[in-house]
Protein chains: 2
Amino acid sequence: MGINTVFEALSHPVRRKVLALLKAGPLSAGDLATHFDISRPTLSVHFAKLREADLVVVERQGTSLIYHLNASILEAALASLLSLKDDEE
Amino acid sequence: MGINTVFEALSHPVRRKVLALLKAGPLSAGDLATHFDISRPTLSVHFAKLREADLVVVERQGTSLIYHLNASILEAALASLLSLKDDEE
DNA sequence: ACGCTAATTAGCGAAATGACTAATTAGAGT
DNA sequence: ACTCTAATTAGTCATTTCGCTAATTAGCGT
């Protein structure tokens, strides 16, 4: 929890790519996996970090888990970064 | 180098606080240190990561090193985050 | 050259990260 | 109940991170 967790989640390229893929719309873990060259378990741990940061939300659909982007948390990170630059708090 | 390095640099609370302090204006390493409870060498390593990411720029002034925020890199990070959210670019 | 202050770099240890394979859980279908 | 597929969790290992203290580098003043 907290903005810390969010920034840590954002610090790995695989996780940022996951978010980029989800930007276009929800995808299952399996569908996401086709875009990466790492093992599914490893990717699953990346998903877990994104969930922990609330950057994604999961919905079960049969045996599949569908991942959705959580834009509001992305906004929070954006706001936090913006606050380092501008004079708005 | 690269946006990767930038996000990694941003992933630690101490380093984000350094940037927040520099937002108000340049500060020496020593002045920055007064705001933290960690040892100076440890803080120095945090500075090094910020330099590596080009998030800060250093200027020597006598025996002091003055750190400046590099807003353009912050903008790059901002843009990268924004691209995860919106449809622009 | 010496000493003083500012800051970094070196070296070390504990803990976290990120990769893998193997094992487990969860749901759907027969 | 059994089996198949989807996905996660457990266990292991190598590497990185981040904290510390000790040692080094850089500049200023005497």
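How many residues surround DNA strand C, and which are the closest? Hang on to that one for a second, because I owe you some housekeeping on how this predicted model was read.

Residues are numbered from 1 along each chain as its sequence is written, and chains are lettered from A and ligands numbered from 1 in the order in which they are written. This is a predicted model, where local features need pLDDT of at least 70, side-chain atom pairs count only at pLDDT 80 or more, and totals for chains, interfaces and linings use all residues, while side-chain values use heavy atoms, with hydrogens and water left out.

OK, back to the question. 24 residues surround DNA strand C, and the closest are Ser39(A), Thr42(A), His46(A), Ser44(B) and Tyr67(B). A residue is near a strand here if one of its heavy atoms lies within 4 Å of it. Sugar and phosphate make up 77% of the atoms of DNA strand C that come within 4 Å of the protein.

Let's look at some polar contacts, meaning pairs of N or O atoms within 3.5 Å; within protein, one must be able to donate a hydrogen and the other to accept it, and residues adjacent in sequence count only if both atoms are side-chain atoms. His46(A) has a polar side-chain atom 2.5 Å from a phosphate oxygen of DNA strand C. On the other chain, an N or O atom in the side chain of Ser44(B) is 2.5 Å from a phosphate oxygen of DNA strand C. Glu8(A) also has a polar side-chain atom 3.5 Å from a phosphate oxygen of this strand C.

Which elements give two or more residues to that surface? They are α4 of chain A, together with α3 (29-33), α4 and β3 (64-69) of chain B. By the way, helices (H or I, at least four residues) and strands (E, at least two) are DSSP runs, numbered from the N terminus. The largest share, five residues, comes from α4(B). Sorted by class, the surface near DNA strand C has seven nonpolar, eleven polar and six charged residues. For those classes, Ala, Val, Leu, Ile, Met, Phe, Trp, Tyr, Cys and Pro count as nonpolar, Asp, Glu, Lys and Arg as charged, and the others, Gly among them, as polar.

Now over to DNA strand D. Of the 24 residues around strand D, Ser44(A), Tyr67(A), Ser39(B), Thr42(B) and His46(B) come nearest. Of the strand D atoms within 4 Å of the protein, 76% belong to sugar or phosphate, and the rest to bases. Thr42(B) has a side-chain N or O atom 2.8 Å from a phosphate oxygen of DNA strand D, and for Lys49(B) that side-chain distance to a phosphate oxygen is 2.9 Å. Ala29(A) uses a polar backbone atom instead, 3.4 Å from a phosphate oxygen of strand D. For strand D, the largest share of the surface, five residues, comes from α4(A).

So how do the two chains relate? A rotation of 180 degrees with 0.0 Å of shift along its axis superposes chain A on chain B, with an RMSD of 0.0 Å. That's the relation of a two-fold axis. The superposition is by least squares on the C-alpha atoms of residues with pLDDT of at least 70 in both copies. Also, 100% of the interface residues of chain A are interface residues in chain B too, so the copies meet through the same surface. Contact, by the way, means heavy atoms within 4.5 Å.

Let's zoom in on chain A. It has five helices and three strands, and from the N terminus on they run α-α-β-α-α-β-β-α. The C-alpha atoms of chain A fill a box of roughly 45 × 25 × 25 Å along the principal axes.

Last stop, helix packing. The axes of α2 (residues 13-23) and α4 (residues 40-52) of chain A come within 10 Å and cross at roughly 75 degrees. Axes are lines fitted to C-alpha atoms, for helices over the stretch in contact, and angles run from 0 to 180 degrees between N-to-C directions. α2(A) and α4(A) are therefore roughly perpendicular to each other. Angles under 35 degrees count as roughly parallel, over 145 as roughly antiparallel, 65 to 115 as roughly perpendicular and the rest as oblique.

Between chains, the axes of α2(A) and α5(B) come within 7 Å and cross at roughly 40 degrees, so that pair is oblique. Arg16(A), Leu19(A), Ala20(A) and Lys23(A) of α2(A) make that contact with Ser83(B), Leu84(B) and Lys85(B) of α5(B).
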